[in-house]
Amino acid sequence: MGLLDGLLGHGSAVDAASLERRLDGILIDGETARLAFKIIRDVFVFTERRVILIDVQGVTGSKVEFLSVPYRAIVRFSVETAGTFDLDAELKIWVSGAAEPIQRTLKKGADIRGIQRALAEGVLR
């Protein structure tokens, strides 16, 4: 991924093995990161059991939120692609027991199909 792609928010696949250090203490025994997408500084990680949304916050990036959503808790999800005038795509994940969906904005060019495919494989299997 080039620097310009990263600044524009274009999603790119991340080597799952390189995430092992970042996910140390978060993954349980036997759980591995199977697929990951990086969008600017945020990362979507897909494991056998859940999706982990890593939200890097602040100027320095020292504050990080790890949102873990088990696939069994996902009721539905939607992906809205970017249009001609609307440059952002949108991901929504509805979780059982929550009134509002988890929402993430993705810039045009993000691997929407890859993210949707990974969610579908986790939820529908």
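The side chain of Arg-50 reaches the backbone oxygen of Ile-26 at 2.6 Å, a detail that makes a good way into this predicted model. Arg-50 lies in strand 4, which covers residues 50–57. Is Arg-50 buried or exposed? Its relative accessibility is 12%, and because the cut-off for burial is under 20%, Arg-50 counts as buried. Leaving aside neighbours within four places in sequence, the residues in contact with Arg-50 are Ile-26, Leu-27, Ile-28, Glu-31, Val-45, Ser-68, Val-69, Pro-70 and Tyr-71. Ile-26 thus appears both in this list of contacts and as the owner of the backbone oxygen that the Arg-50 side chain reaches.

Attention now turns to a sheet. Three strands form an open sheet in the order 6-7-8, with antiparallel pairing. Strand 6 and strand 8 are the edge strands, each pairing on one side only. From one strand to the next, the twist averages 15°. As a reminder, strands of a sheet pair through backbone hydrogen bonds, either parallel or antiparallel.

How many bridges join strand 6 to strand 7? The two strands pair in the antiparallel sense over 6 bridges. Strand 7 (residues 88–95) and strand 8 (residues 102–107) also run antiparallel and are joined by 6 bridges. Leu-91 helps to tie the picture together: this residue of strand 7 is the bridge partner of Val-79, and Leu-91 also stands opposite Arg-104 in strand 8. Strand 7 and strand 8 form a hairpin with 6 residues between them. In the turn of this hairpin, Gly-97 has a positive phi of about 90°.

Helix 2 packs on the sheet and touches strand 6, strand 7 and strand 8. The direction of helix 2 makes about 165° with that of strand 6. Which residues of helix 2 are buried? They are Ile-112, Gly-114, Ile-115, Ala-118, Leu-119 and Gly-122. An α-helix has 3.6 residues a turn, so residues three or four places apart point the same way. Besides strands 6, 7 and 8, the buried residues of helix 2 pack against strand 2 (33–39) and strand 3 (42–47). The length of helix 2 can be checked too: at 1.5 Å a residue, its 13 residues (112–124) should span 18 Å, and the end C-alpha atoms are 18 Å apart, which agrees.

A word on confidence completes the description. The protein averages a pLDDT of 82, and 85% of the residues score at least 70. Over residues 1–10, however, the pLDDT is below 50. This stretch has 15 contacts in the model beyond near neighbours in sequence. Where pLDDT is low, the predicted coordinates should not be read in detail.

Note on methods: Residues are numbered from 1 along each chain as its sequence is written. This is a predicted model: local features need pLDDT of at least 70, side-chain atom pairs count only at pLDDT 80 or more; totals for chains, interfaces and linings use all residues. Side-chain values use heavy atoms; hydrogens and water are left out. Two strands pair if DSSP finds at least two bridges between them. Helices (H or I, at least four residues) and strands (E, at least two) are DSSP runs, numbered from the N terminus. pLDDT is the predictor's confidence in each residue, from 0 to 100. Contact means heavy atoms within 4.5 Å. The expected span of a helix is 1.5 Å times one less than its number of residues. Buried means under 20% relative accessible area, exposed over 50%, partly exposed in between (1.4 Å probe, protein chains only). A polar contact is a pair of N or O atoms within 3.5 Å; within protein, one must be able to donate a hydrogen and the other to accept it, and residues adjacent in sequence count only if both atoms are side-chain atoms. Axes are lines fitted to C-alpha atoms, for helices over the stretch in contact, and angles run from 0 to 180 degrees between N-to-C directions.
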